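Reader: I am new to this structure. Would you explain the reasoning behind some of the terms used to describe it?

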Amino acid sequence: MNIVVNNKWIGQRTIRPDGVDKVTGRAAFAADTTMPGMIWGKVLRSPHPHARIRSIDTSKAEALPGVKAVVTSRDVVDFPLDKSVMLGIQDMRWMCRNVMARDKALFPGHPVAAVAATTEAIAAKACELIEVDYEVLPFSIEIEDAIKPDAPILHEFNKFEGKPSNIVGTLEHKKGDIDEGFKQADIIIERSFTTRPVHQGYIEPHACLISVTADGKATIWSSSQGQFMVRAMTSMLTGIPQSDIRAIPAEIGGGFGGKTIVYLEPLATLLAKKSGRPVKMVMTREEVMRATGPTSGSKSTVKIGAKKDGTIVAAQGTFYLQAGAFPGSPIRGAAGCSFAPYDIANVLSVGYDVCSNRSKVAAYRAPGAPIGAYAVECVLDEVAESLNMEPLEFRLKNAARQGTKAAHGPVFPRIGYIETLEAAKTSPHYSTPTGKLQGRGVASGFWFNAGGESSAQVNITEDGNVVVTTGHPDIGGSRAGIANVCAELLGIDYRRVSVIIGDTQTVGFSNLTGGSRVLFASSMVVTQATEKVINTLRERAAKIWEIDPEAVKWENGAAHPASPNAGQFEPLTLEQLAEKAPMQGGPIGAGVQLNTQGADGGFGTHICDVEVDIELGIARVIRYTAVQDVGRAVHPGYVEGQLQGGVAQGIGWALNEEYIYRSDGKVDNPGFLDYRMPVCSDLPMLDTILVEVPNPKHPQGVKGVGEVPLVPVMAAVANAIYRAVGKRFYALPMSPPKVLAGLDEPVQQAAE
Amino acid sequence: MTDIRYVAPQTLDEAVGAYAAAGSAARILAGGTDLLVQMRSGAVQPGLIVDIKKIKELTAVEELSDGGFRFGAAVPGAVLAEHPHFGKIWPGVLEAVNLIGSTQVQGRASAGGNLCNASPAGDSVPAMIAAGAVVTVQGPSGRRELKVEDVPAAPGRTNLKPGEILVFFTLPPRPPGSGDAYLRMIPRTEMDIAVVGCGVSLTLKDGVCTHARVGLGAVAPTALLVAPAAQALIGSRLDDAALNAAANACRAACRPIDDKRGTIAYRTQIAGVLLKRTVKIAAERAQGK
Ligand SMILES: Cc1cc2nc3c(=O)[nH]c(=O)nc-3n(C[C@H](O)[C@H](O)[C@H](O)COP(=O)(O)OP(=O)(O)OC[C@H]3O[C@@H](n4cnc5c(N)ncnc54)[C@H](O)[C@@H]3O)c2cc1C
């Protein structure tokens, strides 16, 4: 494939098409939608972390004036436990039980019934009138409790090593001979780490408005990372065929992976169907924090062996991840990504998926990879230190490159990891001295990236402009990127390209916005569709000029004779050809649908400076540079935004964010006051360095960029804190009470 | 569903009348930045809301002839910040009031609401205690005065009697060589709730501390006046020994809880650290630095 090089628009910081609406407050998010006759849905949630549901009596709620419908698990399509039915990465057996508890409630906040009524207050009152007979069961939340031999078992059918267990899945990546590898090592360091569950922290709570007409046709307005995912899940959980569900994507106020599954849509659809009225549901922040997916808490052990010359000879990782109520923690990311930046002969990386009584995890930016990288990159820092090697040099010495076989399987094509290390090393940040109680840490990270199904339609309007329709909710600025690509190919001003996100019934199937896939995949289909349009335009000009289409070239927004031999003709612009279209064969447009391939993994290397207030235990990030191989930055502003956003989230994960549980199993901090995401003033300007090693399998050289930026952060912060205060912390978050207690430790020991 | 009645009287007498008549179901609304949050969460469901922002006495800031200050209980933080002199004389009180929330919250939130909300972590309260502020309250049986430290009774409860409304704060005149300061420990840099808060007001004469008051927040069920800490400072040149003694007095006064915001050990330790840092800032201000 030829990479576009003569760029006018690719690489430009064009204004995002959705910008004005967002800054003026006009953008319509799911909670902004209303319909005549609309009623309100509310969910009754389990107060218990673990309880058998003996019976549910909804009669009093149904009798309450204003109540129009009540649904329970009886109304949701059941997927029996003995047969797995996958939709993307989700198993519908778990999805059907997650949206509505069946025989057991598995976490506080687990839906047990839903009500629709004429007002929110009546719906809430009706929820109180539902009588649920619970047999309360013992519960476990933390991994160590859930894997104890006598732990209460969430899913009795699941067996591990022959016995009922909360270990619901394992994954192993193996390369070489791990025991032999460690025998060759001059130095071996083994450490254990814990991380707490953290929420994606999207500002917009889940919301939807759903109408089901008398003839059974459903329309869904909702905020998600994939209208097709919403349609398919809702179809499977309600029994309405996909052809009868039109899922319209609202503008999305953040997702970060957390909106790749459904919570409300199937319930609102069932309520709308039962009541005959449009049903709106909006979660409170508390519901979001209690019942929607954070990512896993974890417990991991990493052992790395190296030779005196700095060669890593063996690396072993064991990663236990909390799945929450249902199987499916991201062990693939933890076990698969964590050693991927390195060329190591002997690797054993094992993941354990552990269920416990808290909300089911959902994807969060590079799911699992930050957890694995935190442990691995911290141990690497210790190995480098004990070998007296500079940490970036140590990484360079062991860096994966083209031809390296990764433990998770692939042999790497041309990758840009080494370039990120070199760029970090020569960055102005890296050579600036640090001051007192300040320290600098580095860490790297890898994420797989994804391709998959995408569709696009490119239409030329009658006045010679362009409308591009794609099927992915735009979370990170993809509309702007697509406008740049299409304008580049057509040779016109990008403002003449209008990019629209289609709904499920107006654009072809497009997989969800996740896996850092959207610009990679959609620019591929948009490129092919635009090329088809250009061919049509050349054919039209050829017809008018009465020459061969091959003798027409497309340049600067117009058809030209390819060479003087082709004849002497005035160029025909896009506008002119659009005007002539009715007489020359009709409307001009093309659609392309592909299962895109060739999304190569991405690498990043981060530099973090912290300053520690040792009296208060506060670590503050004072300078940060994220270096990443981004393939080709079609819109550098949004690529930088992705890097900065990922770093901000990682700093939160490292320093303050955590789910805190009360002894009764309930989350104690279900809001942004006590679930401490960083605020603006907590962070310095986050610097970025974009390394561009184009992806040879993509027309513009694009690689996914959205997830890698979260992967190295926690290790970079932890390594920086160590350099500042000489103390290593092995548990996240490194919040002030923990840092202060840690700093006090040696003093207390001395005093004893 | 409950219906809520809302009144916004122009005079204090009307407000007291309406408030007292409605009994325990009524709530005063100043900025509403606590009240509305509590209503939304279902923690309070008032039958009557008495908005006091239309009452002149409750929204005025006045410099008194003796050099003291009087400002209405409902004065928003942003208005106090705009007063030409207040922040020069009471920089610590002002910084404490202005720490509440964000720019948006500052447009509404009042020191009166902060005090009457009776959170042990309210930011303005330790600074007001340190300043020696007195509040005037008015109820069905007339007016009375209370020291700020005597207003909170327990988390979420005050010593105001039924029907009593906090009218204004009075801050005493400042002798030359005085300064005050407020610091809080929060894990973030803003939009957070104090894990420990410390207010200090002091007067220096020829380098010697002649007067001091210390207020501590978030380390006990109510904000505390820590007299032993002040005693440790008075008569000293704020040397290390005095600062350590005052820090230890603060730690000794702590009766905190372990919760999601901090541990007993952490809060106790930090109370002493903040005391020292706050004294240093107050002393610099007293010396006109
Ligand atoms: C986003 C956000 C951030 C915040 N950050 C902080 C912070 O950093 N630090 C902090 O301390 N607080 C903070 N708060 C809490 C709140 O803003 C403060 O407590 C504020 O001072 C309350 O003042 P108000 O005028 O809004 O009170 P209101 O909400 O109007 O009233 C609070 C309570 O006091 C009663 N009351 C008010 N005035 C009187 C009166 N004159 N007489 C009798 N009773 C009265 C009310 O009935 C109510 O019970 C924050 C709140 C929000 C929403």
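Author: Certainly. The model is predicted. A suitable place to begin is L209(A), which stands opposite W221(A) in strand 15 of chain A.

Reader: What makes strand 14 and strand 15 of chain A a pair?

Author: Two strands pair if at least two bridges are found between them. Strand 14 and strand 15 of chain A have 5 bridges in the antiparallel sense, so by the cut-off of at least two they pair. They form a hairpin with 5 residues between them, and in the turn G216(A) has a positive phi of about 85 degrees.

Reader: Which strand does strand 14 of chain A join through 4 bridges?

Author: That is strand 17 of chain A, residues 279-282, which runs antiparallel to strand 14. There, M281(A) is the bridge partner of C208(A).

Reader: Why is strand 14 of chain A called mostly covered?

Author: Buried means under 20% relative accessible area, and 6 of the 6 residues in strand 14 of chain A are buried. A207(A), L209(A) and S211(A) lie on one side, and C208(A), I210(A) and V212(A) on the other. In a regular strand, side chains alternate between the two faces of the sheet.

Reader: What makes the approach of D123(B) to the ligand a polar contact?

Author: The cut-off is a pair of N or O atoms within 3.5 Å. A nitrogen atom of the ligand is 2.6 Å from an N or O atom in the side chain of D123(B), so the pair qualifies as a polar contact. Taken alone the ligand exposes 980 Å², of which the protein buries 87%.

Reader: How do you know that the ligand lies between two domains of chain B?

Author: Domain 1 (5-119 + 134-171) and domain 2 (178-286) of chain B both give residues to the shell around the ligand, and therefore the ligand lies between them.

Technical notes
Residues are numbered from 1 along each chain as its sequence is written. Chains are lettered from A and ligands numbered from 1 in the order in which they are written. This is a predicted model: local features need pLDDT of at least 70, side-chain atom pairs count only at pLDDT 80 or more; totals for chains, interfaces and linings use all residues. Side-chain values use heavy atoms; hydrogens and water are left out. A polar contact is a pair of N or O atoms within 3.5 Å; within protein, one must be able to donate a hydrogen and the other to accept it, and residues adjacent in sequence count only if both atoms are side-chain atoms. Accessible areas come from the Shrake-Rupley method with a 1.4 Å probe; for residues, only the protein chains shown count as cover. Domain bounds come from an automatic or database domain assignment. Buried means under 20% relative accessible area, exposed over 50%, partly exposed in between (1.4 Å probe, protein chains only).
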